[in-house]
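Q: I would like to learn how to read this structure, one feature at a time. Where should a reader new to it begin?

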Amino acid sequence: MDPMSPARLDDPLAPAREATVEMLQQRRPHFTLPQPFYNDERLFRLEMQEIFEKEWLFAGMTCEIPAKGNFITLEVGDNPVVIVRGSNGEVHAFHNVCRHRGSRLCVSEKGKVAKLVCPYHQWTYELDGRLLFAGSDMGENFDLGAYGLKPVHVRTAGGYIFVSLADAPPAIDELLASLEHYLAPYDMDNVKVAVESSLVEQANWKLVIENNRECYHCNGAHPELLNSLQEFDDSDDPRATPAYRALVARKQQDWDAAGVPWQLKRIGKRNRLTRTPLLEGTVSMTMDGKPGCKKLMGRLPDADMGSLRILHLPNSWNHYMGDHAVVFRVMPLGPQQTVVTTKWLVHKDAVEGVDYDPAQLRRVWDATNDQDRRLAEENQRGINSKGYEPGPYSETFEFGVIDFIDWYSERMLENLGHSAPHLQLAQG
């Protein structure tokens, strides 16, 4: 270990580590977390280390880097990352940090380059991270091979790119195989980002995820979304009505006939994939429920595919319909600030202005995202009050939130070197 590393400089987060473990081990199951989890700077820095620098994060889509030299960048707290398509089509990820004096290499969100060139002193790297040029002033004995870019773990499947900053990332193979299976009908090598947006919310990232994991608030907050969305998570939802279950059974027969996967798949509490119907008579998350893109995705036989919902904790949820998909990425910016990036995907041959209108395609989720932003920000304002104390979740309406908070608590404790036996008992 570097003798000057933060861990050796009396670890300024040591008291926060101890307090966090104690709060998580003593927390009341099925209740919201204590206040510091939503607004404390030290605890935020700790969970950036223990969650966002150790778990697999959704970074972007492979269609965003379709050819050699295409790159995208991502900021994981204080850690800039660059993801680039290599010479043979492989996807590489690196710490976006020059090995000379530490400048960021790629300063834009996306682009295309022949080589990775530092804008500061023009050190030049191959797309696979090898240092090619450092100028003549480094001396004739300078070893280029010792100063390649530092790699970041990267995996791809079903059109998705995941990165992990951990030395030894957790298992992800089951999710990757599931994405390949569920997204095979969408032919993810032949999609494109039609439009995207980024929205900064003045709220803790967990409040953003909590809000997404329940539709308890939908009736009072999301009129545009409820033009097409069923409130039920899936056919196992304890609130599901007989009419909804009958619709599910009918649609599942149609999806079986079309060879389109629909089965509910859970990978612990971290991942969930399931296909669920939209409201009867609607086929897409648009204002009128009609297709937002005339050209269907992949090999899908018609637009009426319901919504394939994909959850990946800690930072993504997704909706795949017959005509387009909507993917979401959540990245913390601070203890009370989060950026939510939304991308709308369509068939790569769909023509803007002919097959789809970007404004119409994004209208429902633009409205919904802004409504959720206001909800999360008001949630944050209330939690900041000295009058806040943890409150109970509904086991019927908010089971998804309970699962998320349990997952978060378990991962934090495990990554901090502790266990949560009472949580396991409470779930039994």
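A: Begin with a pair of helices and the side chains between them. In this predicted model, Leu-43, Leu-46, Glu-47, Glu-50 and Ile-51 of helix α3 meet Tyr-408, Arg-411, Met-412 and Asn-415 of helix α9. The residues of this contact divide into five nonpolar, one polar and three charged.

Q: How is the arrangement of two packed helices described?
A: Two packed helices are described by the angle between their axes and the distance between the axes. Here the axes of α3, residues 41-52, and α9, residues 399-415, come within 9 Å and cross at roughly 80°. Angles of 65 to 115 degrees count as roughly perpendicular, and α3 and α9 are therefore roughly perpendicular to each other.

Q: Is Glu-50 buried or exposed?
A: The cut-off for buried is under 20% relative accessible area. Glu-50 has 3% relative accessibility, so it counts as buried. Glu-50 is placed in helix α3.

Q: Which residues does Glu-50 touch, leaving out those up to four places away in sequence?
A: They are Arg-17, Glu-55, Met-412, Asn-415 and Leu-416. Met-412 and Asn-415 also appear on the α9 side of the helix contact.

Q: How does Arg-42 read, by the same steps?
A: Arg-42 is found in helix α3 as well. Its relative accessibility is 48%, so Arg-42 counts as partly exposed. Not counting residues up to four places away in sequence, Arg-42 touches Leu-13 and Ala-16. A distance can be read too: Arg-42 and Ala-203 are 161 residues apart in sequence, and their C-alpha atoms are 16 Å apart in space.

Q: What can a strand residue such as Arg-266 show?
A: Arg-266 is found in strand β12, residues 265-267. Its relative accessible area is 42%, which means that Arg-266 is partly exposed. Arg-266 touches Asp-234, Asn-271 and Arg-272, with residues up to four places away in sequence not counted. Arg-266 and Leu-311 are 45 residues apart along the chain, and their C-alpha atoms are separated by 9.3 Å.

Q: Where does Tyr-356 lie, and what is it in contact with?
A: Tyr-356 is in the loop between β17 (337-347) and α8 (358-383). With a relative accessible area of 4%, Tyr-356 is buried. Leaving aside neighbours within four places in sequence, Tyr-356 is in contact with Lys-192, Ala-194, Gly-292, Cys-293, Val-346, Ala-350, Val-351 and Leu-361. Tyr-356 and Met-61 are 295 residues apart in sequence and 20 Å apart in space, C-alpha to C-alpha.

Q: What should I look for in the backbone?
A: Most residues other than glycine have a negative phi, and most peptide bonds are trans. His-30 has a positive phi, near 65°, and is not a glycine. His-30 is found in the loop between α1 (14-26) and α2 (36-39). Asp-187, also not a glycine, has a positive phi of about 50°. The loop that holds Asp-187 runs between α4 (173-183) and β11 (191-201), and Asp-187 is partly exposed, with a relative accessible area of 32%.

Q: Which residues does a cis peptide bond join?
A: The bond joins Leu-313 and Pro-314, with omega about 20°. Pro-314 lies in the loop between β14 (307-312) and β15 (316-320).

Q: How do I read an annotation taken from a record?
A: Note its source and the span it covers. In an unreviewed UniProt entry, the annotation "domain: Rieske" covers residues 56-163. In the model, this span is 0% helix and 40% strand, and its end C-alpha atoms lie 6 Å apart.

Q: What describes the protein as a whole?
A: The protein has ten helices and 17 strands. Along its principal axes, the C-alpha trace spans about 75 × 55 × 35 Å. A compact globule of 428 residues would have a radius of gyration near 22 Å, and the protein's 23 Å agrees with that. Buried residues make up 54% of the 428 residues. Among contacts between residues at least 6 apart in sequence, 66% join residues at least 24 apart.

Methods: Residues numbered from 1 in each chain as written. Predicted model: local features only at pLDDT ≥ 70, side-chain atom pairs only at ≥ 80, totals over all residues. Heavy atoms only, no water. Axes fitted to C-alpha atoms, helices over the stretch in contact; angles between N-to-C directions. Helix = DSSP H or I, 4+ residues; strand = E, 2+ residues; numbered from the N terminus. Parallel < 35°, antiparallel > 145°, perpendicular 65-115°, else oblique. Contact = heavy atoms within 4.5 Å. Nonpolar A, V, L, I, M, F, W, Y, C, P; charged D, E, K, R; others polar. UniProt positions renumbered as here; feature names shortened; annotations may be inferred. Buried < 20%, exposed > 50% of the residue type's maximum accessible area, 1.4 Å probe, protein only. Rg over C-alpha atoms; globule rule 2.2 N^0.38 Å.
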